[in-house]
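Work through the following exercises with the sequence and the three-dimensional model open beside you. Try each task before reading its solution.

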Amino acid sequence: MGDDPRPLVVTLLLAEEAQARFDRLRAEHFPAGRNHLAAHVSLFHALPGEERPAVDAALARAAARPPFDVAVTGVQMLGRGVAYRLAAPELSALHAGLAAEFDPWLTRQDRQRLSAHVTVQNKVEPAVARELRDRLTAGFEPHAVPARGLGLWRYLGGPWEPLAEHPFR
């Protein structure tokens, strides 16, 4: 058992070039005083911190697979923000397998079907979000970005503490 009860977050890690692009967009469009994180693809939002050894082991097993590409399929509204939608059969299968393993610990939010996305704007007025959505949609072309592994983080009430990376093999 771990000794820190603060929640754990699991993310899909993207290749450096894609990560840098999403980070630039987030830095440009997310309110600066509220942007505590790099761009990220959350897979699980609140696993119990006390279960870190088991979560870490599950991620290591899940990452023992080849890397894969994730399709960036479009731009979506988040109400008070904007995100890029992501999709890949490999990601859905990976998430489902981990969800089965983490089942006793899943919150209501983490039990929902995965809606993979990268948030580049949030916590703004809806009109501001609509304007960015329209601008990003106008120049959008579907493309793929490489997924490189799984990340484990500790939620610190805003910022996240990086705990481990599990690269795909």
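**Exercise 1. Decide whether Arg-113 is buried or exposed, and find where Arg-113 lies in the chain.**

Solution. Begin with the scale: buried means under 20% relative accessible area, exposed means over 50%, and partly exposed is in between, computed with a 1.4 Å probe on protein chains only. Arg-113 has 75% relative accessibility, so it counts as exposed. Next, locate the residue: Arg-113 lies in the loop between helix 4 and strand 5, where helices (H or I, at least four residues) and strands (E, at least two) are DSSP runs numbered from the N terminus. Finally, look across the model: the C-alpha atoms of Arg-113 and Ala-60 are separated by 22 Å, with their positions 53 residues apart along the chain.

Before going on, note that this is a predicted model, in which local features need pLDDT of at least 70 and side-chain atom pairs count only at pLDDT 80 or more, while totals for chains, interfaces and linings use all residues. Residues are numbered from 1 along each chain as its sequence is written, and side-chain values use heavy atoms, with hydrogens and water left out.

**Exercise 2. Describe the surroundings of Arg-26 and of Asp-56.**

Solution. Take Arg-26 to start with, which is found in helix 1 (residues 16-29). With 5% relative accessibility, Arg-26 counts as buried. Contact means heavy atoms within 4.5 Å, and, when residues up to four places away in sequence are not counted, the residues that Arg-26 touches include Asn-35, Leu-37, His-40 and Thr-119. Now turn to Asp-56 in helix 2 (residues 52-62), which at 19% relative accessibility counts as buried. Leaving aside neighbours within four places in sequence, Asp-56 is in contact with Leu-152, Ala-164 and His-166.

**Exercise 3. Find which residues have the most contacts inside the largest nonpolar core.**

Solution. A nonpolar core is a set of buried Ala, Val, Leu, Ile, Met, Phe, Trp, Tyr and Cys residues joined through side-chain atoms within 4.5 Å. The largest one here has 47 residues, and Leu-12 and Leu-150 are those with the most contacts inside it. Helix 3 (residues 89-102) gives the largest share of this core, 5 residues. To see one centre of contacts, select Leu-12: apart from residues up to four places away in sequence, its partners include Val-41, Phe-68, Leu-91, Leu-150 and Phe-168. In soluble globular proteins, nonpolar side chains tend to be buried together.

**Exercise 4. Work out which parts of the chain are linked by the salt bridge of Arg-154 and Asp-4, and then by that of Glu-125 and Arg-80.**

Solution. A salt bridge is a side-chain nitrogen of Lys or Arg within 4 Å of a carboxyl oxygen of Asp or Glu, and the structure holds 8 of them. In one, the side chains of Arg-154 and Asp-4 meet at 3.3 Å, N to O. This pair links distant parts of the chain, since Arg-154 is in strand 6 (residues 143-155) and Asp-4 in the segment before strand 1 (8-14), 150 residues apart. Arg-154 is buried, with a relative accessible area of 5%, and Asp-4 is buried too, at 17%. Asp-4 and Arg-154 also belong to a network of salt bridges with Arg-6.

In the other pair, the closest N and O atoms of Glu-125 and Arg-80 are 3.2 Å apart. Glu-125 lies in the loop between strand 5 and helix 5 (126-138) and Arg-80 in the loop between strand 3 (68-77) and strand 4 (82-87), so the bridge ties together parts that are 45 residues apart in sequence. Glu-125 is partly exposed at 49% relative accessibility, and Arg-80 is partly exposed at 39%.

**Exercise 5. Examine the backbone of Lys-123 and state where Lys-123 is found.**

Solution. Lys-123 is not a glycine, although its phi is positive, at about 65°. Lys-123 is found in the loop between strand 5 and helix 5, and, with a relative accessible area of 43%, Lys-123 is partly exposed.
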